[in-house]
Amino acid sequence: MKPKSITQKTLQPHLLAVMGSLVGQQPNQAIHFTHTYAPVCARLGVTEDAWGECVTHRKPWTHRLIDLAFRTLRDKGLGAYEKKGYWMLTPLGVEKSRDVPRVSTPVPTHESVGVEAARTLFLAED
């Protein structure tokens with residue numbers, strides 16, 4: 001079951017950093033959304049199925065939260081859809097992705113990353 005302290009907002013900076021890395025910090029370069037799942041989970045220190053399945057969407061909670069995180073990035077003007085199934089960062093998104101701190105070693109586990117800890121370690125909030 002998904003921890004209540006982990007939300008799509010918690011995953012936004014991780015997704016931003018992963019997407020920036022996957023596109024080589026180049027704006028408007030599309031990637032298939034499924035290519036973001038494993039690297040975001042790795043940044044969080046969890047497996048893709050660590051939080052079980054979102055019953056309403058029949059997919060792992062990690063995937064559902066990453067999808068919602070991208071939707072919010074898009075709404076903030078940091079990301080865009082190229083076509084169905086393909087996400088990209090806008091120029092502003094690439095700029096913001098450079099500001100996301102790298103994950104320190106060792107990578108925190110989902111048990112150790114509460115909302116406040118996530119804000120302290122990861123979130124580059126507006």
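Here is a short walk through the aromatic residues and one helix of this predicted model.

**Start at Trp87.** Select Trp87, which sits in strand E5 (residues 86–89). With a relative accessibility of 5%, Trp87 counts as buried.

**Add Phe70.** Now show Phe70, in helix H3 (residues 61–75). Its ring and that of Trp87 have centres 4.3 Å apart and planes at 0°, so this pair is stacked. Phe70 and Trp87 are 17 residues apart in the chain, and both are buried.

**Add Phe33.** Next, pick Phe33, in the loop between strand E1 (31–32) and helix H2 (37–44). The ring centres of Phe33 and Trp87 are 5.7 Å apart and the planes are at 35°, so call this pair tilted. Phe33 and Trp87 are 54 residues apart, so to speak two distant parts of the chain linked by one pair.

**Light up the whole cluster.** Select Tyr37 and Tyr81 as well: together with Phe33, Phe70 and Trp87 they form one aromatic cluster. Across the whole structure there are 4 aromatic pairs.

**Step over to Tyr86.** Look at the face of the Tyr86 ring and you'll find Lys83 lying over it, 5.0 Å from the ring centre.

**Finish on helix H4.** Select residues 91–99 and colour Gly93, Val94 and Ser97, the buried residues of H4. Which face do they take up? Turn the view to look down the axis: they fall within an arc of 100°, so they line one face of the helix. Those buried residues pack against helix H1 (8–22) and E5. Swing round to the other side of H4 and you'll see Arg98 and Asp99, both exposed.

Key. Residues are numbered from 1 along each chain as its sequence is written. This is a predicted model: local features need pLDDT of at least 70, side-chain atom pairs count only at pLDDT 80 or more; totals for chains, interfaces and linings use all residues. Side-chain values use heavy atoms; hydrogens and water are left out. Rings of Phe, Tyr and Trp (its six-membered ring) pair if their centres lie within 6.5 Å; planes under 30 degrees apart count as stacked, over 60 as edge-to-face and the rest as tilted. Helices (H or I, at least four residues) and strands (E, at least two) are DSSP runs, numbered from the N terminus. Buried means under 20% relative accessible area, exposed over 50%, partly exposed in between (1.4 Å probe, protein chains only). A charge sits over a ring if NZ of Lys or CZ of Arg is within 6 Å of the ring centre and within 35 degrees of the ring normal. The arc is that of the directions from the helix axis to the C-beta atoms. Contact means heavy atoms within 4.5 Å.
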